[in-house]
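Here are some exercises to work through with the coordinates open in your viewer. Try each task before you read its solution.

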Amino acid sequence: MHHFVYKDGQLYCEEVPVSKIAGEVGTPLYLYSHATLRQHFRAFDGAFSDVPHLTCFAMKSNSNLAILRLFALEGGGADIVSGGELYRALRAGVEPKKIVYSGVGKTVEDMEYALRSEILMFNVESTQEIMLLNEIAGRLGKKAPIAIRVNPDVDPETHPYISTGLKENKFGIDIGKALEDYTLAAGLRNLRVAGVSCHIGSQLTRVSPFVDALQKLKVLIGKLRDSGIAVEYLDLGGGLGITYNKEEPPHPREYAEALKKELDEKDLIVVLEPGRVITGNAGILVTKVLYVKSTPEKKFVIVDAAMNDLIRPSLYGSFHGIEPVKLSEKQRVKADVVGPICESTDFLAKDREMVAFETGDLVAVMSAGAYGFSMSSNYNSRPRAAEVLGKGDRYYVIRARENYEDLVRGENLPDFLNV
Ligand code: LLP
């Protein structure tokens, strides 16, 4: 469900024509729907309303301050993976006690920052990290709350680049070694064992891998209890998939029901880290056709957005719907939608059937609200796109388009070149 719909042949974001926003803000532009974001957050969070839980939005999927603020006001927390994300979360008013910190490579500085900020929990991912966090917490006179991020060796049946819970992945501590590391952590003065966590992958379209992981975690929790180590939080990570094309992922309600069926431990607080399922279909990338050209082999629609704006098709071969902002009776053709970047991997769609776009037409690249802007870069010295939030009959620029001055910020000529 989302609020990008056609009315009288024009694509709207809620009650504003997308063409009006593109005309005023320029292209390329990320456009999010407030009602969709809120509805997705509520559907997910609400599905767990009958169990003690905390929804920590995975802000790597979309870290714009306005969007974080929106979820904070809905009572959400944040799943962070860097000091930068912690900074953004705090700036947006997310309560520190609703922040969980995952990641295999936390730096000393980032750990200190998170300890001083009194976050809810560190999801630690190696024995060395356990030792280092204990040392830093001791130095700061703090007791660090931890969960071990367990690698349960479950196949999430998704793209290999976004699988995280298999033995061969770099994430977490092998479930077979977890008890040993929990015992170690429980014996350290400056750590407090608070929970167990896992995250097995992203864009999962079936519930069974989540259930398999949860069952393995339950066995571990039982063993921990038997050894006198009590946990308060059970963090199940994120990963619920969305429809980009023809996928039929479970609704958050089905996902929640399947998990709740397994949750017989009534005293545990469940932490969830959804990203894509909340933001993915709440945003589109709007771009303008610069040229169309045909070779003997192919047709190309050259647009003003590129792989630096949306890298998912190039990186994972991902599908994003390509839709006209204005419906027309034009014939349909098979074409590639490509950007201006000097790489053959610079495409947004390949061999796709679409209307025969012409120069000046606006194109909506669908399902771009998650891992779209947040993965964008300045490659080819392209200023990053503007981000806009549509709400009812209004819209708000929530991130200004970068300009050329922004591109060179922080760069300096050393003296010997300043001649
Ligand atoms: N928690 C942890 C520890 C994670 O590593 C991730 C995603 C999430 C939660 C949120 O997962 P989600 O609910 O969004 O599936 N760039 C890729 C996705 C990478 C996901 C990385 N981790 C893409 O564009 O598909």
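Keep in mind that this is a predicted model.

**Exercise 1. Work out the surroundings of Ser61, starting from its side chain.**

Step 1: Look for a polar partner. A polar atom of the Ser61 side chain sits 3.0 Å from the backbone oxygen of Ala58.

Step 2: Place the residue. Ser61 belongs to the loop that runs between strand S5 (53–58) and helix H3 (65–73).

Step 3: Is Ser61 buried or exposed? Its relative accessible area is 1%, and the cut-off for buried is under 20%, so Ser61 counts as buried.

Step 4: List the contacts, skipping residues up to four places away in sequence. Ser61 touches Gly275, Arg276 and Thr279, and also Gly369, Ala370, Tyr371, Gly372 and Ser374.

**Exercise 2. Find the strand order and the edges of the open sheet that 3 strands form.**

Step 1: Start with the first pairing. S1 and strand S2 (residues 10–13) run antiparallel to each other, with 4 bridges between them. Among the paired residues, Tyr6 faces Leu11 in S2, and Phe4 has Cys13 as its bridge partner.

Step 2: Check the link between these strands. S1 and S2 make a hairpin with 2 residues between them. In that turn, Asp8 has a positive phi of about 50°.

Step 3: Move on to the next pairing. S2 and S3 are antiparallel too, over 2 bridges. Here Cys13 has Val16 in S3 as its bridge partner.

Step 4: Check the second link. S2 and S3 also form a hairpin with 2 residues between them, and Glu14 in the turn has a positive phi of about 55°.

Step 5: Put it together. The order is S1-S2-S3, with antiparallel pairing. Strand S1 (4–7) and strand S3 (16–17) each have a single partner strand, so they stand at the edges with one side lacking a neighbour in the sheet.

**Exercise 3. Describe the second largest pocket by its volume and its lining.**

Step 1: Get the volume. The second largest pocket holds about 330 Å³ of space.

Step 2: Find the residues around its centre. The lining has 16 residues, and the closest to the centre are Met1, His40, His251, Pro252 and Val277.

Step 3: Assign the lining to elements. Helix H2 (34–47) and helix H10 (276–279) are the elements that contribute two or more residues. H2 has the largest share, with 4 residues.

Step 4: Sort by class. The lining comes out as 8 nonpolar, 7 polar and 1 charged residues.

**Exercise 4. Describe each of the 2 cavities of 30 Å³ or more.**

Step 1: Take the largest cavity. Its volume is about 50 Å³, and its lining is made of Cys198, Ile200, Phe210, Ala213, Leu236, Tyr255 and Leu259.

Step 2: Trace that lining to elements and classes. H8 and H9 each give at least two residues. The class split is 7 nonpolar, no polar and no charged residues.

Step 3: Go to the second largest cavity. About 40 Å³ of space lies there, lined by Phe57, Leu68, Phe71, Ala72, Gly76, Gly77, Ala78 and Val94. H3 and strand S6 (77–80) are the elements that supply two or more of these residues, and H3 has the largest share with 3.

Step 4: Sort the second lining by class. It divides into 6 nonpolar, 2 polar and no charged residues.

**Exercise 5. Which residues of helix H9 (residues 252–262) are buried, and what do they pack against?**

Step 1: Pick out the buried positions. They are Pro252, Tyr255, Ala256, Ala258, Leu259, Lys260 and Glu262.

Step 2: Find the packing partners. The buried residues of H9 pack against H2, H8, strand S13 (269–272) and H10.

Step 3: Link back to the earlier exercises. Pro252 is one of the residues closest to the centre of the second largest pocket, while Tyr255 and Leu259 are among those lining the largest cavity.

**Exercise 6. Find the polar partners of the His199 side chain.**

Step 1: Locate the residue. His199 lies in the loop between strand S11 (191–197) and helix H8 (208–226).

Step 2: Look at the two distances. A polar atom of the His199 side chain is 3.4 Å from the backbone oxygen of Gly201, and the side chain reaches the backbone nitrogen of Gly238 at 3.0 Å.

Key
Residues are numbered from 1 along each chain as its sequence is written. This is a predicted model: local features need pLDDT of at least 70, side-chain atom pairs count only at pLDDT 80 or more; totals for chains, interfaces and linings use all residues. Side-chain values use heavy atoms; hydrogens and water are left out. On a 1 Å grid over the protein atoms alone, a cavity is a set of points where a 1.4 Å probe fits but cannot get out, and a pocket is an open set with protein on both sides within 12 Å along at least five of seven lines; lining residues have an atom within 4 Å of a point. Grid points are joined across faces, edges and corners, and a volume is the space filled by probe spheres set on the points. Ala, Val, Leu, Ile, Met, Phe, Trp, Tyr, Cys and Pro count as nonpolar, Asp, Glu, Lys and Arg as charged, and the others, Gly among them, as polar. Buried means under 20% relative accessible area, exposed over 50%, partly exposed in between (1.4 Å probe, protein chains only). A polar contact is a pair of N or O atoms within 3.5 Å; within protein, one must be able to donate a hydrogen and the other to accept it, and residues adjacent in sequence count only if both atoms are side-chain atoms. Contact means heavy atoms within 4.5 Å. Two strands pair if DSSP finds at least two bridges between them.
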